[in-house]
Amino acid sequence: MANKNLNAAKNAKKDEFYTQLIDIENELRHYKHHFKGKTVLCNCDDPRVSNFFHYFSYNFEQLGLKKLITTCYKNQNRDLFSQNDSERAIWLEYFGDKNNNRVPDPEEIGIHYFQGDGDFRSQECIELLKEADIVVTNPPFSLFREYVAQLMKYEKKFVIVGHQNAIHYKEIFPMIKENRLWLGYGFKGGAGHFFSRYEDTATAGDHREGMIRVSGVNWFTNLEIPKRHEDMILYKTYNSEEYPKYDNFDAIECCPTANIPIDYEGLMGVPVTFLDKYNPDQFDIVGILNHGCDSEYDLAKPILNGKEKFSRILIRRRQTGKVKAYEQPEMELPMAAEKPEPYNPSV
Ligand SMILES: C[S@@+](CC[C@H](N)C(=O)[O-])C[C@H]1O[C@@H](n2cnc3c(N)ncnc32)[C@H](O)[C@@H]1O
């Protein structure tokens with residue numbers, strides 16, 4: 001049901017939904033060391049409502065940032081959630097707290113006007129992109145391909161929100177396969193609540209006032225994170241009954257990901273959620289079974305016993321030695337931290 005929100009948003013190019021501060025904090029706490037001495041660009045962010053601007057301006061000193069740049073796209077449609085009602089698009093730069101009150105005061109924030117509308121693809125935005133070391137934002141999902149292509153073209157580091165459907169895009173999957181792009185830590189339960197005025201179709205239990213729930217959202221990054229080097233703990237062993245081969249391709253079906261056999265040397269088809277656990281030291285991504293024609297890496301349709309399955313990532317064990325066996329942890333799990341109130345920019 002919740003994905004209807006995303007599809008509806010995509011079809012209508014409704015890109016106005018805003019990330020919660022808590023979700024930004026939960027992800028970026030894993031990247032803190034990357035930001036020291038760096039210029040950060042948030043280039044799809046109206047600073048009046050963007051929690052990315054809030055996060056980086058309030059944590060400027062703690063992260064040891066050099067500079068924060070935020071560009072705001074002037075949206076012509078005034079009915080949308082953003083109040084992009086100024087005549088020209090603006091961009092802001094912030095060099096940190098000058099009066100030692102630990103707050104980004106208006107007089108400390110440089111406001112500049114664009115000639116154009118602040119489209120991330122415009123030349124004036126590209127000039128700011130060139131200045132940046134790391135780009136962090138939730139870009140418009142409808143322009144995700146172009147957005148990532150531009151980051152790659154200018155060889156930028158980034159942490160951005162996207163939808164897991166993007167993994168299948170012919171422009172995106174090759175980057176994942178070639179280890180130029182990977183998934184971050186992600187949203188709790190694989191779904192995010194975003195501030196928005198779009199109609200929410202979440203079930204009553206999942207509904208939050210003033211928000212839409214979108215399932216399948218994730219963080220995409222090319223910054224190193226510890227998670228990416230943690231071995232998946234495997235405990236099952238291969239047998240041909242439990243792991244049948246596809247009708248049309250020489251690989252075994254392994255679903256769910258946790259069932260990957262510890263001892264199989266050939267190709268294995270796993271659901272795309274595998275990428276949440278992917279460690280390039282443990283497995284190679286060989287390709288994808290999707291339509292069989294999307295890109296050079298889309299090798300076939302995943303057909304099993306005459307039925308087409310959901311798309312599968314094709315992997316192969318990388319380690320030549322024995323894959324780490326499962327050991328019962330001895331320590332007790334810590335209590336979950338108390339959940340802070342989400343920051344609501346519209347209040
Ligand atoms: C999903 S929203 C996220 C907003 C903000 N980054 C956040 O997370 O709260 C995407 C934003 O990109 C803006 N946008 C849409 N097209 C754009 C473009 N071509 N260039 C720059 N920004 C654009 C939209 O106005 C919208 O505010």
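Which elements cover the buried residues of α3? I put this down as my opening entry, and I note beside it that I am working from a predicted model.

**Helix α3**

I looked up helix α3, residues 51–58, and found six of its eight residues buried, so I record the helix as largely enclosed by the rest of the structure. The buried ones are N51, F52, F53, Y55, F56 and S57. To settle my opening entry, I listed what covers them, and the cover includes the helices α2 (21–28) and α4 (60–63) together with the strands β1 (39–42), β2 (67–71), β3 (90–94) and β5 (134–137).

**The chain as a whole**

I then stepped back to the whole chain, where I counted seven helices and 17 strands. Of the 347 residues in the chain, 37% are buried. I also checked the contacts with a separation of 6 or more, and residues 24 or more positions apart account for 68% of them.

**The nonpolar core**

Which residues have the most contacts inside the largest nonpolar core? I find V40, F56, V136 and I313 in that role, within a core of 83 residues. Domain 1 (2–226) and domain 2 (230–325) both contribute residues to this core, so I place it between them. I followed V136 further and, setting aside residues up to four places away in sequence, I see that V136 touches V40, C42, F52, F158, V159 and I160. One of these, F52, I had already entered among the buried residues of α3, and F56 is on that list as well.

**The sheet around β13**

I traced an open sheet of five strands in the order β11-β12-β17-β13-β14, and its pairing is mixed. Its edge strands are β11 (252–253) and β14, each of which pairs on one side only. Strand β13, residues 283–289, is mostly covered, with five of its seven residues buried.

How many bridges join β13 to β17, and in which direction do these strands run? I count six bridges between β13 and β17 (residues 312–317), and the two strands run antiparallel. To β14 (residues 298–300), by contrast, β13 is joined by two bridges, and there the strands run parallel. I288 shows both pairings: I find it opposite I313 in β17, while its bridge partner in β14 is D298. For L289, the bridge partner in β17 is R312. I note again that I313 is among the residues with the most contacts inside the largest core.

**The ligand shell**

I went round the ligand next and found 22 residues surrounding it, the closest being Y18, T19, C44, Y73 and N138. When I sorted this shell by class, I obtained nine nonpolar, eight polar and five charged residues.

**Loops and backbone details**

Where is Y238, and what does it touch? I locate Y238 in the loop between β10 (217–221) and β11. Leaving aside neighbours within four places in sequence, I have Y238 in contact with Y243, P261, D263 and Y264. The C-alpha atoms of Y238 and I262 are separated by 7.2 Å, although these residues are 24 residues apart along the chain. I enter Y238 as partly exposed because it has 16 other C-beta atoms within 10 Å.

I checked the peptide bond from C255 to P256 and found it cis, with omega near 0°. P256 sits in the loop between β11 and β12 (268–270).

Two asparagines also went into the notebook for their backbone angles. N179 has phi near 60°, a positive value in a residue other than glycine, and its place is in the loop between α7 (173–177) and β7 (182–183). N305, likewise not a glycine, has a positive phi of about 50°, and I find it in the loop between β15 (303–304) and β16 (307–308).

Why do N179 and N305 receive separate labels for exposure? N179 counts as partly exposed because it has 13 C-beta neighbours inside 10 Å, whereas N305 has 9 other C-beta atoms within 10 Å and is therefore exposed. The cut-off I applied is that a residue is exposed if 12 or fewer other C-beta atoms lie within 10 Å of its own.

Methods
Residues numbered from 1 in each chain as written. Predicted model: local features only at pLDDT ≥ 70, side-chain atom pairs only at ≥ 80, totals over all residues. Near = placed C-beta within 6 Å. Nonpolar A, V, L, I, M, F, W, Y, C, P; charged D, E, K, R; others polar. Buried ≥ 20, exposed ≤ 12 C-beta atoms within 10 Å, placed from the backbone. Helix = DSSP H or I, 4+ residues; strand = E, 2+ residues; numbered from the N terminus. Pairing = 2+ DSSP bridges. Contact = placed C-beta atoms within 7 Å. Core = buried A, V, L, I, M, F, W, Y, C linked by C-beta atoms within 7 Å. Domains from an automatic or database assignment.
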